[in-house]
Amino acid sequence: MFGISIYKVPKYASYKLMNDLIKDKFSLKKSDFKMVHHAKNKKVKVFFKEQAINQIETFLEQNFTPSIKTNQASEDHESQKGQKLKENEPNSNTENLEQNATKESKIPQKLVDLCQKLSEYLLAHPFMMKKVTLQVEVFLEEPKETEKKNTDCKETVKDIRDIATPLWKMQYPEQLEFKKRKLDNFLKKKGLPKSSEIIPFDFDGNLQRNSFEFAIGFDSRNRGCLGFRGVSFEQNPNLVFDPSECGFITEDMKKIIQKIQDTLQNQKDLIYNRETKKGNFRMIKVRVNTENEYLVIVDSKSPDKELSSNLKDGEAHDKLTKTTRNVQDQYSFYDQLPFENILYTHNDGDFEGFSSRETKKYKGQSFITQKINEYTFRLSAFGFFQCNIYILKKIIEKIQASFNTDNKYLIDLCCGQMTLGILLSKSFKGVIGIENNPQSIIDFNECQKINKVQNCKILEEDVNKISIHDILSKSGMEAGTENKKISTTFTAILDPPRAGVHKDLIKKIRKSEEITELFYISCAYDKAITNITDLLREPSNAYGQAFHLVETTSYDMFVGTGGVEVLFHFRR
């Protein structure tokens, strides 16, 4: 393995941009290299695996001929910058490489030469714009140490609650005070008024969370474990911490976790090892309703991938036998899970986590239902649903008490299965939702039948691409024509992903004079702040008429963490 360290990386050099540069230029697979981006230190480290050497070597031979030595290139680079490197900053020159190679006699000279050539190519690339410095490092991988990472780990986490619920040592009133002060200080720095209040969570009989993602791995004593990963998961990819002491884990969930721990301990060979790529089970996602009904999605490696990769001639019958046994072992694991509704999905890539890939049903239903007020909703495998029902009700109460009653229609942008829209439907003549997640569309259609909601309609559209006029026209509301202003005014709700929405959508909302009121809901106000300030900026041709901020209310949706759900109420 060898690596390139790039210093003084320009601010515009995002992780994706740097990743694409390396991957596309050298025609590498994602598994051929690993990149670590230290944005704070303006540094990027790229680690190339052995199989990438030939690819890089071939590319450089065909596309790049060094005109000067690497040492001279570095000198020219420095003279063009007109300043010397700081003494503590590395330099990319032949002397560095030779010293590095001398320290490790096992490193082939061919690899050292390749690194020299690679460094010169990167320095000459237009992307670098002669603003960066390079240090080429060559180092060998030690397989034996890799195998011991799980048991010989140096994990700094002493208590997983410090990661999952970092405020757990505070009394609850202190947590609320801390969160409000943190939010208000942030708003003040952005020139915005303080929040009016923080709505606390009620611990009496309410679930703090209805969705969990657990990793399957090994604890520090090498026992099979279901739980959360710590801060060193890159160095210790199989290390998992028991989550039972976290405040949001109910007594019922603790018993379930213990049962699964016992099962994993008896079937450790089925636990997916992220270093050796052996084993099957990787993660478990749990969704639960207020009636303690569970829906579980198990993420596992395909049962025959491991066998087929090492298959030799004449082993077809043996492979079939092993595959059958492996599948039977997986089924045995499913049967021991204490759940009625079990889905599973296969993941043979490097990605750790759940995505909207194909799921199959092992037993039970592919969804559970959740009752909120008089309405019934579906909790499916990958459809979005708010994680804290109690706080969701409080947000609905706030909107119902403060929306402009002159507005007869509601537009629910990024609506999911239109949970918010349906809960507010009795307050409006009509509700139109925008969503492009197929599972959410299915869930809405079923909810509409169950609840017999007649004044709600959903459009399967990308909210960033459809115009407000088209939303109103397709909804069948009093939309008028392109050349005729709409006489009806609307209230809109926007509950976007953590990072907010593209500025073009904000511009559309501002230019649509029919939208006179907006409730913007954010689970990460520090990431969505650009949307908030864009809604308030001065009128212009690009943005149209501005909104003004009526009130900011925060809700303790994520108990024990530093985060809050924030409701921004805008009018114009």
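**A first walk through the model**

1. Half is a good place to start: of the protein's 572 residues, 50% count as buried. Please keep in mind that you are looking at a predicted model. The chain forms 17 helices and 20 strands. Among contacts with a separation of 6 or more, 68% are between residues 24 or more positions apart. On the outside, the protein exposes about 28,900 Å², and carbon and sulfur atoms supply 47% of that area.

2. Next, the interior. The largest nonpolar core has 87 residues, and the members that touch the most others are Ile411, Ile422, Leu494 and Phe570. Helix α12, residues 389-402, gives the most to this core, with seven residues. Domain 2 (207-369) and domain 3 (387-478 + 487-571) each supply at least three residues to this core. Apart from it lies another core, of 35 residues, including Val157, Leu239, Tyr294 and Tyr334.

3. Leu494 deserves a closer look. Which residues is leucine 494 in contact with, leaving aside its neighbours within four places in sequence? Leucine 494 meets Leu413, Cys414, Val501, Leu505, Ile506, Ile509, Leu518, Phe519, Tyr520 and Ile521. Leu494 also belongs to strand β17, residues 490-494, which is joined to β14 by five bridges, the two strands running parallel.

4. That brings us to β14 itself, residues 409-413. Five of its five residues are buried, so this strand is largely enclosed by the rest of the structure. In a regular strand the side chains alternate between the two faces of the sheet. Here Tyr409, Ile411 and Leu413 point one way, while Leu410 and Asp412 point the other way, and all are buried. If you are tracing the core, Ile411 will be familiar as one of the members with the most core neighbours.

5. Strand β14 has partners that you can follow residue by residue. With β17, the bridge partner of leucine 410 is threonine 491. Five bridges also join β14 to β15 (residues 430-435), and this pair runs parallel. In β15, isoleucine 434 stands opposite leucine 413.

6. For contrast, try β12, residues 367-372. Ile368, Gln370 and Ile372 make up its covered face, and Phe367, Thr369 and Lys371 its uncovered one. Strand β12 is joined by six bridges to β13 (residues 375-380), and the two run antiparallel. Within that pairing, isoleucine 368 has leucine 379 of β13 as its bridge partner. The hairpin of β12 and β13 has two residues between the strands, and asparagine 373 takes a positive phi near 55 degrees there.

7. Cys523 is a residue you will probably want to find. An unreviewed UniProt entry annotates Cys523 as "active site". Where is cysteine 523 placed? Cysteine 523 sits in the loop between β18 (515-522) and α17 (525-536). Its relative accessibility is 25%, and because the partly exposed class runs from 20% to 50%, cysteine 523 counts as partly exposed. Beyond its neighbours within four places in sequence, cysteine 523 is in contact with Arg498, Phe558, Val564 and Glu565.

8. Another loop residue is Ile249, found between β7 (224-227) and α9 (251-266). Is isoleucine 249 buried or exposed? With a relative accessible area of 5%, isoleucine 249 is buried, because the cut-off for that class is under 20%. Its contacts, leaving aside neighbours within four places in sequence, are Phe212, Phe214, Pro243, Ser244, Lys254 and Ile257. Phenylalanine 212 is 37 residues from isoleucine 249 along the chain, and their C-alpha atoms are separated by 9.4 Å.

9. Gln336 lies in helix α11, residues 316-336. At 39% relative accessibility, glutamine 336 counts as partly exposed. Not counting residues up to four places away in sequence, glutamine 336 touches Thr263 and Gln267. Threonine 263 is 73 residues from glutamine 336 in sequence, with 7.1 Å from C-alpha to C-alpha.

10. Finally, visit Thr552 in strand β19, residues 548-555. Threonine 552 has a relative accessibility of 2% and counts as buried. Outside the residues up to four places away in sequence, threonine 552 touches Leu187, Ser195, Ser196, Glu197, Val566, Leu567 and Phe568.

Definitions and conventions: Residues are numbered from 1 along each chain as its sequence is written. This is a predicted model: local features need pLDDT of at least 70, side-chain atom pairs count only at pLDDT 80 or more; totals for chains, interfaces and linings use all residues. Side-chain values use heavy atoms; hydrogens and water are left out. A nonpolar core is a set of buried Ala, Val, Leu, Ile, Met, Phe, Trp, Tyr and Cys residues joined through side-chain atoms within 4.5 Å. Buried means under 20% relative accessible area, exposed over 50%, partly exposed in between (1.4 Å probe, protein chains only). Helices (H or I, at least four residues) and strands (E, at least two) are DSSP runs, numbered from the N terminus. Domain bounds come from an automatic or database domain assignment. Contact means heavy atoms within 4.5 Å. UniProt positions are given in the numbering used here, feature names are shortened, and annotations may be inferred rather than shown by experiment. Two strands pair if DSSP finds at least two bridges between them. Accessible areas come from the Shrake-Rupley method with a 1.4 Å probe; for residues, only the protein chains shown count as cover.
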